[in-house]
Amino acid sequence: MKPLDPKLLRHASAARRYVLLTAGLGLGMVALTVLQARGLARLLGHAREAAGGPEALLWLGGVWLLRAALAGLQEWTGKRSAHRVIAQLRAGLLARLASRSEREGTSAGGVAQVELATRGLDALQPYLEGYVPQLLLTALATPALLFCVWRADPVSAVLMAGSLPLIPLFMVLVGRFTREATVRQLASMQQLSARVLDLITGLATLRALGRHRGVAAQVLRLSEAHARTTLQALRRAFLSSFVLELIATLSIASVAVGIGLRLLEGAMPLETGLFVLLLAPEVYAPLRQVGALFHASAEGAEAAAQAIARLEAPQPARATLAAPRLTSGTLELRDVSVATRDAGCHAPEGLSFALPLGQGRILGLRGESGAGKSTALAVVLGLLPPTRGGVFLRPDGAAALPLGSLDLTTYWAQLAWLPQRLHLEPGTVRESVCRGRVIADSALSAAAEATGFDAVVARLPEGWDTKLGRDGQGLSLGQRQRLALTRVLAGDERLLLLDEPTAHLDEVSEQRVLEALKQRARQGTTLVLVSHRARTLAIADEVLTLHSQAPSPDTLAEAA
């Protein structure tokens, strides 16, 4: 990302106001710095005369307080503006991720993109609070202060002008040296977050299968790799900051030596020499601060660059063809393979089936952990485009329609999806089950009775009107599972996609749910079940075993 990318100003209106306000405050601080140096030099230069001492000290104290107030105001506005800019970038990025066209184009890195929109953009805070104000102050203060030095002592101004370019030159060299480490650090953080999210999502299933220890070891290895890349970035930041500080210190020392020699020879008034000596650190200070803050903000700036690139990526045209009715026809998957984060690996690999719609058929999907069962449901939903193959809807007597050419809104309105981990927004139990749909009380009660959720509602203090917290706070894991099943069975959707529908249920509750699913199939609804449980898969008319493709040794060698 550029030091101050104009694209950031275009995508976040708060950044434009922030830049203007920071520029105004920077000019005020420059003027006060010059006044403070002039007043202090005059006071020290005429100290023996003791004329106007108290008044001069009061005047200097007022200037110092005003300068501190402007610095505090700049810090306060920096924090507020940084939050606003991050919020605007996050809202734009999440809007793109939530759009249909974005889902079609960025499936494999979906979790990484969510990580970018959350923690990745949070790392932008040091960039906006520290680096950007200091960069603007450098652009304004350094030339203005150098001009004031030149008016007082051209020789010192020439020495400063000759040494100042060394700092940005070394900053560029150091930036190129550290950019690769910063990109690796952000990538390792995104990979670690994605794996941890996968682990948390399927932790209950993995624990039931006794596979949780292996995944935990993998997450530990990723965290150790992330720690190593972070330490490498910190070491490089320390060394580069040391280089910049050394250059600035030697430059100020050369100016001070020249002034001291001329003062000894009587070739320079004491007041002028003091004024230039007081301004010399202020001339170099902004550049030194920019170099020090650059590394603290590098991760956030890289995240902002990625977010801006995604915001400016062209969006494919939206499909306008309405999806056909799911009461008849066929849902087809043809040789579907989806690439994973591991190079050369696909899960699932070569999945194909033709599922009649409107005939009450139940299709079961099974496979080992990581075979791509949940991914297959995401492909059927249209949330995840396959790397190879395709999904098609074939109406009776008509040609097959690619799912990507259809308006998914009309498609989603005819199906219900039960994910492994249900996300519940705060609200009443009734609102969580109905989700804005108009559902009769009789249908709601029948669905709750079929899943055993009626007993849960009976124990709640206000029944269906009991308020739940975020993610169903107030209900146990098994109760939330019953709520999710009630939500699916209470509607009239013609296609049900169920990911581990009987997870977290006891044997009696599982049997009741399976009977309800078979009853729904007898009414003509098509079901796709993903499960590890043999009892759940036993109600399916057909069961497919999914497979994944491991990377070949040649692919692993290329990735390494």
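Is A443 buried, partly exposed or exposed? The tour of this predicted model begins with that residue.

**Stop 1: A443**

Select A443, which lies in helix 15, residues 441–451. A443 is partly exposed, because its relative accessible area is 31%, and the term "partly exposed" covers values between the limits of 20% and 50%. Next, add A490 to the selection. The C-alpha atoms of A443 and A490 are separated by 5.9 Å, although these positions lie 47 residues apart along the chain count.

**Stop 2: The annotated transmembrane regions**

The unreviewed UniProt entry lists transmembrane regions at residues 18–36, 56–73, 135–152, 158–178 and 237–261. Select residues 18–36: this span is 100% helix, and its end C-alpha atoms lie 26 Å apart. Then select residues 135–152, a span that is also 100% helix, with 26 Å between its end C-alpha atoms.

**Stop 3: Two surface patches**

Select R16, R17, R80 and R84, which gather in a patch of positive charge on the surface. Helix 2 (13–45) and helix 3 (53–98) each give two or more residues to this patch. R80 is found in helix 3 and is partly exposed, at 38% relative accessibility.

Now select L166, L169, F170 and L173, which make a nonpolar surface patch of about 340 Å². Among them, L173 belongs to helix 8, residues 166–201, and is partly exposed with a relative accessible area of 48%.

**Stop 4: Salt bridges**

The count of salt bridges in the model comes to 13. Select R388 and E349, whose closest N and O atoms are 3.0 Å apart in one such bridge. R388 lies in strand 5 (388–394) and E349 in the loop between strand 2 (330–337) and strand 3 (351–356), so this pair ties together parts that are 39 residues apart in sequence. R388 is partly exposed at 36% relative accessibility, and E349 is partly exposed at 26%.

Move to R482 and D506, where the N-to-O distance of the salt bridge is 3.8 Å. R482 lies in helix 17 (477–490) and D506 in the loop between strand 11 (495–499) and helix 18 (507–522), so the pair ties together parts 24 residues apart in sequence. R482 counts as buried, at 13% relative accessibility, whereas D506 is partly exposed, at 42%.

Within helix 18, select E515 and K518, three residues apart, or about one turn of the helix. Their side chains meet in a salt bridge of 3.1 Å, N to O.

Finally, select E332, R334 and R394, which are linked in a network of salt bridges.

Terms used
Residues are numbered from 1 along each chain as its sequence is written. This is a predicted model: local features need pLDDT of at least 70, side-chain atom pairs count only at pLDDT 80 or more; totals for chains, interfaces and linings use all residues. Side-chain values use heavy atoms; hydrogens and water are left out. UniProt positions are given in the numbering used here, feature names are shortened, and annotations may be inferred rather than shown by experiment. Helices (H or I, at least four residues) and strands (E, at least two) are DSSP runs, numbered from the N terminus. Patches are made of residues with over 30% relative accessible area and no salt bridge: like charges are joined within 9 Å, nonpolar side chains (Val, Leu, Ile, Met, Phe, Trp, Tyr) within 5 Å. Accessible areas come from the Shrake-Rupley method with a 1.4 Å probe; for residues, only the protein chains shown count as cover. A salt bridge is a side-chain nitrogen of Lys or Arg within 4 Å of a carboxyl oxygen of Asp or Glu. Lys and Arg count as positive and Asp and Glu as negative; His and the chain ends are not counted. The place of a charge is taken as NZ of Lys, CZ of Arg, CG of Asp or CD of Glu. Buried means under 20% relative accessible area, exposed over 50%, partly exposed in between (1.4 Å probe, protein chains only).
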